[in-house]
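Dear colleague,

Please find the sequence and structure below, handed over for your files. My findings follow directly after them.

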Amino acid sequence: MSQKKVDEYKKKKANRDKIMKKEKMALRLEKLAALIVGLVIVCWIGYSVYDKATEGQEATVLQTVMDTSALDNYLSSLSQDTAE
């Protein structure tokens, strides 16, 4: 090997840790970006399906009226019995 090649090899070997750290960080960032994009797509699809499913349904409010006068009279008669 020529001296030039030997010097390049030594230089690469000396900086190998830095190069590997940069490559690992770049790979992690790529995976994180892909994960975020995937989550956004899944959430968007889920919301779209939910929106389509509930599109035709109307929200109806059902009110129930109940006469509690008999119950009120009974309770008041009980409280009068205990007071006497």
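Thr82 belongs to helix H3. With a relative accessible area of 68%, Thr82 counts as exposed, because the cut-off for that class is over 50%. Its C-alpha atom stands 84 Å from that of Glu23, and the two residues are 59 positions apart along the chain.

Please bear in mind that this model is predicted. The mean pLDDT of the chain is 89, and 95% of the residues reach at least 70. Helix H3, which covers residues 69-83, has the lowest confidence, with a mean of 84. Helix H2, residues 16-53, has the highest, at 95. As a general caution, predicted coordinates should not be read in detail where pLDDT is low.

Regarding the overall architecture, the chain contains three helices and zero strands. Its pattern along the sequence is therefore written α-α-α, each helix being a DSSP run of at least four residues.

The dimensions of the chain are as follows. Its radius of gyration is 38 Å, whereas a compact globule of 84 residues would have a value near 12 Å. The C-alpha trace extends over about 115 × 45 × 10 Å along its principal axes.

How much of the chain counts as buried? The share is 0% of the 84 residues; to count as buried, a residue must have under 20% relative accessible area. The accessible surface amounts to about 8,600 Å², and carbon and sulfur atoms account for 61% of this area.

Helix H1 comprises 12 residues, from 3 to 14. From its first C-alpha to its last it reaches 16 Å, close to the 16 Å expected at 1.5 Å a residue. The number of buried residues in H1 is zero, so this helix lies largely in the open.

Finally, I would draw your attention to a nonpolar surface patch of about 670 Å². Its members are Met25, Leu29, Leu32, Leu35, Ile36, Leu39 and Val40. Of these residues, Met25 is located in helix H2. Met25 is partly exposed, because its relative accessible area is 44%, a value in between the cut-offs of 20% and 50%. In general, an α-helix has 3.6 residues a turn, so residues three or four places apart point the same way.

Yours sincerely

Technical notes: Residues numbered from 1 in each chain as written. Predicted model: local features only at pLDDT ≥ 70, side-chain atom pairs only at ≥ 80, totals over all residues. Heavy atoms only, no water. pLDDT = per-residue confidence, 0-100. Helix = DSSP H or I, 4+ residues; strand = E, 2+ residues; numbered from the N terminus. Patch = residues over 30% accessible without salt bridge, like charges linked within 9 Å, V, L, I, M, F, W, Y side chains within 5 Å. Areas by Shrake-Rupley, 256 points an atom, 1.4 Å probe, with all protein chains shown as cover. Salt bridge = Lys/Arg side-chain N within 4 Å of Asp/Glu carboxyl O. Buried < 20%, exposed > 50% of the residue type's maximum accessible area, 1.4 Å probe, protein only. Rg over C-alpha atoms; globule rule 2.2 N^0.38 Å. Expected span 1.5 Å × (residues − 1).
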